[in-house]
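Reader: I have a structure open and would like to know what stands behind the labels people put on it. Could you take me through the reasoning?

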Amino acid sequence: KQINDEFGHDIGDNVLIEMVTQIKQELRETDIFCRFGGEEFVIILLQTGMQEAANTAERLRAKIENLNEVFPKKLTVSFGVTQVTKWDNPETLLKRADNALYKAKDQGRNQVVQA
């Protein structure tokens with residue numbers, strides 16, 4: 001949103017396209033990556049434990065941060081990471097991930113928080 005407001009929607013779209021391109025290069029063919037709304041995305045890492053998922057999120061966070069050489073404003077991303085439990089349904093799983101994401105944002109952004 002800040003990039004759109006400061007540099008216009010064309011630049012904002014280019015940033016999103018480049019971020020998505022970089023993220024997709026790091027994911028496996030079996031992973032699911034989709035836009036959840038606005039500037040939020042969901043990545044489902046099948047058959048992946050919590051620590052491995054957090055490591056993947058950290059690798060993606062650092063990769064996006066390194067795009068700063070290409071764009072006129074510092075780019076950062078925050079991740080909320082969680083793991084499916086036997087008691088989960090899609091809503092509870094997404095809610096837990098969303099809560100972790102907001103905790104990452106509340107703690108200063110540009111970080112990975114596990115829930």
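Author: What follows is a set of questions about labels, each answered by setting a value against its cut-off. Please keep in mind that this is a predicted model.

Reader: Happy to. What makes the pair Glu 26 and Arg 59 a salt bridge?

Author: The N to O distance between the two side chains is 2.9 Å. The cut-off is within 4 Å, for a side-chain nitrogen of Lys or Arg and a carboxyl oxygen of Asp or Glu. Arg 59 brings the nitrogen and Glu 26 the oxygen, so the pair qualifies as a salt bridge. As background, side chains of opposite charge can pair when their charged atoms come close.

Reader: Why can one say that this pair ties together parts that are apart in sequence?

Author: Glu 26 belongs to helix 2 (residues 9-26), while Arg 59 belongs to helix 3 (residues 50-65), so the bridge links parts 33 residues apart in sequence.

Reader: And are these two residues buried or exposed, or something in between?

Author: Buried means under 20% relative accessible area and exposed means over 50%, with partly exposed in between. Glu 26 has 27% relative accessibility, so Glu 26 counts as partly exposed. Arg 59, at 39%, is therefore partly exposed as well.

Reader: How many salt bridges are there in the whole structure?

Author: Seven salt bridges turn up in a search of the whole structure. Arg 61 takes part in a bridge with Glu 58, where the closest N and O atoms are 2.7 Å apart, and in another with Glu 65, at 3.1 Å from N to O. Both distances are within 4 Å, so both pairs earn the name. Salt bridges that share partners also join Glu 26, Arg 59 and Lys 63 into one network.

Reader: How do you know that the partners of Arg 61 sit about one turn of the helix away?

Author: The spacing in sequence tells us. Arg 61 and Glu 58 both lie in helix 3, three residues apart, which is about one turn. Arg 61 and Glu 65 are four residues apart in helix 3, so about one helical turn separates them too.

Reader: Why is Arg 61 called buried?

Author: Its relative accessibility is 11%. Buried means under 20%, so the label fits Arg 61. Its partners get another label: Glu 58 has 33% and is therefore partly exposed, and Glu 65, with 23%, is partly exposed too.

Reader: Back to the two helices. What makes helix 2 and helix 3 neighbours in contact?

Author: Contact requires heavy atoms within 4.5 Å. On that basis Met 19, Gln 22, Ile 23, Gln 25 and Glu 26 of helix 2 meet Arg 59, Leu 60, Lys 63 and Ile 64 of helix 3. The helix axes are 10 Å apart, at an angle of about 145°, and the crossing is right-handed.

Reader: Which label does Thr 56, also in helix 3, receive?

Author: Thr 56 has a relative accessible area of 11%, under the 20% limit, so Thr 56 is buried. Leaving aside residues up to four places away in sequence, Thr 56 touches Leu 27 and Leu 45. Asn 55, another residue of helix 3, has 43% relative accessibility and therefore counts as partly exposed.

Reader: What makes Ile 32, Ile 44 and Leu 46 a nonpolar patch?

Author: A patch of this kind takes nonpolar side chains within 5 Å of each other, from residues with over 30% relative accessible area and no salt bridge. Leu 46, in the loop between strand 2 (40-44) and helix 3, has 40%, so Leu 46 passes the area cut-off. Together the three residues have about 230 Å² of accessible area.

Reader: What stands out about the phi of Gln 47 and of Asn 110?

Author: Each phi is a positive value in a residue other than glycine: near 50° for Gln 47 and near 55° for Asn 110. Gln 47 lies in the loop between strand 2 and helix 3, and Asn 110 in the loop between helix 4 (90-106) and strand 4 (112-114).

Reader: Why is Gln 47 called exposed, and Asn 110 buried?

Author: At 84%, Gln 47 is over the 50% limit and so counts as exposed. Asn 110, at 18%, is under 20% and is therefore buried.

Note on methods:
Residues are numbered from 1 along each chain as its sequence is written. This is a predicted model: local features need pLDDT of at least 70, side-chain atom pairs count only at pLDDT 80 or more; totals for chains, interfaces and linings use all residues. Side-chain values use heavy atoms; hydrogens and water are left out. Buried means under 20% relative accessible area, exposed over 50%, partly exposed in between (1.4 Å probe, protein chains only). Patches are made of residues with over 30% relative accessible area and no salt bridge: like charges are joined within 9 Å, nonpolar side chains (Val, Leu, Ile, Met, Phe, Trp, Tyr) within 5 Å. Accessible areas come from the Shrake-Rupley method with a 1.4 Å probe; for residues, only the protein chains shown count as cover. Axes are lines fitted to C-alpha atoms, for helices over the stretch in contact, and angles run from 0 to 180 degrees between N-to-C directions. A crossing is left-handed if the near helix is turned anticlockwise from the far one by less than a right angle, and right-handed if clockwise.
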